[in-house]
Amino acid sequence: MADRITIVDIAKEAGVSIKTVSNVINNKGNMRPETRAHVRDIIDKLGYQVNIAARSMRTGRTKLIGLGIADFSQPFNPYVTDSVIQAARARGYGVITSTYGYHNQDVESIITETHQLPADGWIFLTGQSISEDSSVFKQSYPVVLASDFNAFDKVDSVTMQSYEAVKDVVARLIKKGKQRIAFAGAPLRFNNETDRAFLERIQRSEFGTVDIRTKAYCNALQEYDLAVNPQYILSCELIDHKHGALLVKNLLNQIESTDMELPDVIVCANDALAFGIIHELAKNNIRMPDDVELVGFDNVPEAQYSNPTLTTINPHVDDYAQHAVDFVIERIEGYKGPARRYASSCTLEQRQSCQV
């Protein structure tokens, strides 16, 4: 077995001091960019690896961030994970991930596991609500909640300005003359819940991805004196590809059996739903954007390569991830201030599926 490469070996090979090598590894210090690049080349050439256990014993830190995430079946999740990794690396930290399962578990199910992994702090990404007395808020390590749900000012959190973004898009569609605007990805109705009770529940919503985006859709219609037609509020259990396709099947069945018309445009709670809708519309020879237009939400990389390419709301995931990483690192490195909350801005990326 080859001897372990040390920073002494790196310094000797690069012709610099041990302190310079340490600064490069920890992304610290002032030096010429060429020097930093040269040292990194030597690190890669010799295959140097940080001894996490030794560094932890010496400093009390591993310089690793944990990311708790449902799974990678949703295109948004690997997208945000990549963004977290990039932001962490720029600050000299690595990232380890733990998934808690999309369908039947919640983020609290991995809390025990987080104490077995060498992370200095954790970012928890969740699309589910967390109670005020949740164990997520009672950890000895710094926690950042990445969610559209309430953090109760117990930990730092990041979210998106999704209410404003959806409301703006619907308003722009109305101004363009669209009358039949549908929203895909609304929350499920309760058993025997009337249309009125459902809409009133939506209006009371303060948190949650699908709740808030549905509320924005309804409020935009009402502000332009357009009736909210519950037939065009398309609810589903999960906002993924499969349920996007299922929504179209149900919609077409309803159109066939009633006097309901095909929407002019469908605004989706996320891009995953939109991809499923694109697939199912094409199967039924419904042309986009000629017969129906489509708007997604997330601006995942795949949106540029769907057919047609997807017009979508861009929540600037790089900024979202950067603030989550900055918050947790600042806590790791000693920040003791009150809980902070950041909302990334949203803009519209116009592509083939809809021109607004």
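Trainee: Is Arg 180 buried, partly exposed or exposed, and what is the relative accessibility?

Mentor: Keep in mind that we're looking at a predicted model. Buried means under 20% relative accessible area and exposed means over 50%. Arg 180 falls in between because its value is 26%, so Arg 180 counts as partly exposed, at a relative accessibility of 26%.

Trainee: Which residue does Arg 180 meet in a salt bridge, and what is the N to O distance?

Mentor: The partner is Glu 261, which is partly exposed with a relative accessible area of 46%. For the salt bridge, the cut-off is 4 Å. The pair Glu 261 and Arg 180 comes in at 3.8 Å, N to O.

Trainee: Where do Glu 261 and Arg 180 lie, and how many residues apart are the parts they tie together?

Mentor: Glu 261 is in the loop between helix H10 (241-257) and strand E8 (265-268). Arg 180 is in the loop between H7 and E6, so the salt bridge ties together parts of the sequence that are apart by 81 residues.

Trainee: What about Lys 178: which residue does its side chain meet in a salt bridge?

Mentor: Lys 178 sits in the loop between helix H7 (162-175) and strand E6 (181-186), and its partner is in strand E9 (residues 293-297), so the pair ties together parts 115 residues apart in sequence. Both residues of this pair are buried. The N to O distance is 2.7 Å, and the partner is Glu 293.

Trainee: Now to Arg 331: which residue forms a salt bridge with Arg 331?

Mentor: The closest N and O atoms of that pair are 2.8 Å apart. The salt bridge links distant parts of the chain, with Arg 331 in helix H12 (residues 317-332) and the partner in strand E5 (residues 156-160), 175 residues apart. Arg 331 is buried at 18%, and the partner is buried at 2%. That partner is Asp 156.

Trainee: Which residues are joined into one network by salt bridges that share partners?

Mentor: The structure holds 20 salt bridges, and the Arg 331 and Asp 156 pair is one you've just met. Shared partners join that pair with others into one network: Asp 156, Glu 330, Arg 331 and Arg 340.

Trainee: Let's turn to the cavity. Which element gives the largest share of the lining of the largest cavity?

Mentor: The largest cavity has a volume of about 40 Å³. Helix H5 (76-90), strand E3 (121-125) and H12 are the elements that give two or more residues to its lining. The lining includes Tyr 320, Ala 321 and Ala 324. With three residues, the largest share comes from H12.

Trainee: How many residues of that lining are nonpolar, polar and charged?

Mentor: Among the lining residues are Leu 67, Val 80, Val 84, Ile 123, Leu 125 and Ala 146. Tyr counts as nonpolar here, and Tyr 320 is in the lining too. The residues divide into nine nonpolar, no polar and no charged.

Trainee: Which backbone oxygen lies 3.3 Å from a polar atom of the side chain of Ser 205?

Mentor: Ser 205 is in the loop between helix H8 (195-204) and helix H9 (209-223), and is buried at 8% relative accessible area. Not counting residues up to four places away in sequence, Ser 205 touches Asp 211, Ile 212 and Lys 215. The backbone oxygen you're after belongs to Arg 201.

Trainee: And Pro 315: what separates its C-alpha atom from that of Asp 298?

Mentor: Pro 315 is in the loop between strand E10 (311-314) and H12, and counts as buried at 0% relative accessibility. Leaving aside neighbours within four places in sequence, its contacts include Met 160, Phe 297, Asp 298 and Cys 346. Pro 315 and Asp 298 are 17 residues apart along the chain, and their C-alpha atoms are separated by 6.0 Å.

Methods. Residues are numbered from 1 along each chain as its sequence is written. This is a predicted model: local features need pLDDT of at least 70, side-chain atom pairs count only at pLDDT 80 or more; totals for chains, interfaces and linings use all residues. Side-chain values use heavy atoms; hydrogens and water are left out. Helices (H or I, at least four residues) and strands (E, at least two) are DSSP runs, numbered from the N terminus. Buried means under 20% relative accessible area, exposed over 50%, partly exposed in between (1.4 Å probe, protein chains only). On a 1 Å grid over the protein atoms alone, a cavity is a set of points where a 1.4 Å probe fits but cannot get out, and a pocket is an open set with protein on both sides within 12 Å along at least five of seven lines; lining residues have an atom within 4 Å of a point. Grid points are joined across faces, edges and corners, and a volume is the space filled by probe spheres set on the points. A polar contact is a pair of N or O atoms within 3.5 Å; within protein, one must be able to donate a hydrogen and the other to accept it, and residues adjacent in sequence count only if both atoms are side-chain atoms. Contact means heavy atoms within 4.5 Å.
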